[in-house]
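This note sets out points for a colleague who is reading the structure at the bench. Please keep the sequence and the model in view while going through them.

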Amino acid sequence: MTRLFKQLGYLVAYGAVGAVVAASAVYVAYLRNLPEPKVWQQSKLDAEFRAADASTVKTLDDYRRIEERVFVQLREQVYDRVAPEERRILNRYSSGSLADPEAHPPDWNHTFELPVADARAGVLLIHGLTDSPYSMRWLAQRLHGMGYWALAIRLPGHGTAPSGLLDFTWQDLAAATRVGARYLRAQIGAERPLYLAGYSMGAALTVEYELARVQGENLPASAGLILFSPAIGVSPAAAFAVWQGRLSAIPGLDNAAWTAIVPEYDPYKYNSFTVNAAVQVHALTQVIRARLDALASAGGVKGMPPILAFQSAVDDTVSAPAVIDTLFRRLAPAGHELVVFDINRYAKAEPLLRPGIVAVRDLMLKAPPQPFDLTVVTNESPNTTKAIALRRAVMQTVVHSETIGLDWPPNVFSLSHVALPFAPDDPVYGAIRPKKPEMIFLGNVELHGERGLLALPVGDLIRLRHNPFNAYVDTRIRAFLERSH
């Protein structure tokens with residue numbers, strides 16, 4: 001009998017090994033069938049700023065000189081080497097195309113600054129992963145019009161070519177954030193408020209910055225944080241992406257360094273994505289979690305500036321629940337506010353939605369008292385597209401309803417991760433195509449044909465790219481700034 005069990009054990013072990021080998025073979029075959037990287041996915045823009053440069057890069061001028069060298073490399077290694085058959089009207093890296101940002105100045109992929117004499121305050125704006133400073137353009141211009149000195153810094157590896165995502169680290173991005181904050185503090189003086197605003201991974205970088213300051217790092221303090229779709233939590237699978245990346249060292253498996261190799265037609269955001277990018281954003285979320293753990297105390301984490309965050313209830317990029325569970329719920333009450341945009345609950349659309357998401361609104365609003373102000377933007381009733389704000393004050397359970405004078409637009413069933421920082425009149429991602437568009441318009445793409453034909457995920461094309469409730473976002477930001485001054 002013992003011998004029989006041993007034989008059965010061997011069979012199970014051999015079977016498991018065989019299954020692993022078979023699965024590995026299938027996975028390697030999948031990697032080999034990914035599209036071949038193009039020149040913009042192979043270039044090595046090695047002039048880029050790194051965290052190790054922080055000791056010598058003391059000013060924004062120093063940072064910008066490095067940035068300009070990177071853009072020279074971009075011209076030499078990418079634009080000038082694009083194959084003739086790739087010079088198409090929708091290729092971002094085809095000179096003069098509709099998607100070429102250099103052909104339509106100003107090129108918002110560069111760091112940009114909006115100074116003002118006798119500034120009321122300063123605001124440092126940090127874009128997200130795969131994005132560029134363009135994603136912070138609306139907020140920068142809005143606050144500049146209110147008398148704020150605005151600086152939107154381009155993060156290392158971004159705004160140039162997707163190959164920049166192959167080897168950056170989150171520490172590089174954090175070091176760039178610190179360069180911007182110190183510069184801006186020097187420009188506005190010690191007495192004026194300094195704010196940090198971030199989108200997605202940029203939002204996470206602002207949280208990391210302030211947590212580091214609370215822990216004792218010598219950094220200029222901010223008067224408040226403004227966050228869009230903050231990357232406080234991501235899929236746990238991102239932690240294992242590093243193993244796929246290591247396969248890229250095997251000859252013939254260069255593609256293993258990528259999770260997506262797709263056409264690049266967006267002038268201000270990469271469409272392709274690397275394993276390293278997933279690893280770095282996951283690592284940053286773990287650093288934030290560890291710092292919150294280290295600062296935990298009775299009554300919540302103290303010392304953080306007031307935070308105003310905007311989050312879609314459905315988000316395919318980051319974990320929406322983590323914004324509450326990992327961050328907001330762990331903070332001591334200090335003027336923190338979270339605005340969540342619910343799904344469109346108009347009765348005619350509900351049968352098309354996943355059942356699980358319908359319950360999210362009530363779970364948030366019926367939770368025990370919490371150390372932050374919660375607002376959920378939702379339908380007044382299932383019979384109307386009219387939107388209202390359901391608001392619960394800090395440490396309270398009573399929900400108050402506020403009219404906001406806005407409606408859900410036709411055919412929009414939710415917001416998205418990428419929609420929140422963009423206004424409906426954005427010329428690239430907005431609701432209405434400009435009458436005389438100077439460059440590609442991605443705000444309302446209408447394509448029809450057979451599935452399986454396009455060389456990119458169809459889901460990318462239905463994703464909402466602007467925020468129809470931008471006017472409410474503007475109202476909340478202005479009120480937040482007035483209270484935190």
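1. Which side chain meets that of Glu337 in a salt bridge? The partner is Arg476, with an N to O distance of 2.8 Å. The model is a predicted one, and every value in this note is to be read on that basis.

2. Glu337 belongs to strand β9 (residues 337–341), whereas Arg476 belongs to helix α12 (residues 470–484). The pair thus links distant parts of the chain, 139 residues apart. Glu337 is buried, at a relative accessible area of 4%, and Arg476 is likewise counted as buried, at 4% relative accessibility.

3. The contact between Glu337 and Arg476 does not stand alone: salt bridges with shared partners join Glu337, Asp373, Arg391, Glu402, Arg476 and Arg483 into one network. For the structure, the count comes to 31 salt bridges.

4. A further pair merits inspection. The side chains of Glu113 and Arg64 form a salt bridge, at 3.4 Å from N to O. Because Glu113 lies in strand β1 (residues 112–114) and Arg64 in helix α3 (residues 60–77), this pair ties together parts that are 49 residues apart in sequence. As for burial, the cut-off for a buried residue is under 20% relative accessible area. Glu113, at 19% relative accessibility, therefore counts as buried, while Arg64, with a relative accessible area of 24%, is partly exposed.

5. Asp131 and Lys269 also meet through their side chains in a salt bridge, with 3.4 Å between N and O. Asp131 is placed in the loop between β2 (121–126) and α4 (137–144), and Lys269 in the loop between β6 (258–260) and β7 (273–274), so the pair ties together parts that are 138 residues apart in sequence. Asp131 is buried, with a relative accessible area of 5%. Lys269 counts as buried too, at 15% relative accessibility.

6. Where else do Asp131 and Lys269 appear? Both are among the residues that line the largest cavity. That lining also includes Ser132, Tyr134, Ser135, Tyr199, Tyr268, Val418, Phe422, Tyr429 and Arg465. By class, it has 6 nonpolar, 2 polar and 3 charged residues. The space in this cavity is about 50 Å³.

7. How many cavities of 30 Å³ or more does the structure hold? The number is 2. The second largest has a volume of about 30 Å³. Its lining consists of Phe71, Leu74, Tyr79, Arg92, Pro101, Glu102, Asp107, Asn109, Gly159 and Thr160, which divide into 4 nonpolar, 3 polar and 3 charged residues.

8. The chain as a whole may be considered last. Its secondary structure comes to 12 helices and 12 strands. Of the 485 residues in the protein chain, 54% are buried. The chain exposes about 21,800 Å², and carbon and sulfur atoms supply 58% of that area.

9. Contacts across the sequence complete the description. Taking contacts between residues at least 6 apart in sequence, 74% join residues at least 24 apart. The three salt bridges described above can be set beside this figure: Glu113 with Arg64, 49 residues apart in sequence; Asp131 with Lys269, 138 residues apart in sequence; and Glu337 with Arg476, 139 residues apart.

Conventions: Residues are numbered from 1 along each chain as its sequence is written. This is a predicted model: local features need pLDDT of at least 70, side-chain atom pairs count only at pLDDT 80 or more; totals for chains, interfaces and linings use all residues. Side-chain values use heavy atoms; hydrogens and water are left out. Helices (H or I, at least four residues) and strands (E, at least two) are DSSP runs, numbered from the N terminus. Buried means under 20% relative accessible area, exposed over 50%, partly exposed in between (1.4 Å probe, protein chains only). Contact means heavy atoms within 4.5 Å. Accessible areas come from the Shrake-Rupley method with a 1.4 Å probe; for residues, only the protein chains shown count as cover. A salt bridge is a side-chain nitrogen of Lys or Arg within 4 Å of a carboxyl oxygen of Asp or Glu. On a 1 Å grid over the protein atoms alone, a cavity is a set of points where a 1.4 Å probe fits but cannot get out, and a pocket is an open set with protein on both sides within 12 Å along at least five of seven lines; lining residues have an atom within 4 Å of a point. Grid points are joined across faces, edges and corners, and a volume is the space filled by probe spheres set on the points. Ala, Val, Leu, Ile, Met, Phe, Trp, Tyr, Cys and Pro count as nonpolar, Asp, Glu, Lys and Arg as charged, and the others, Gly among them, as polar.
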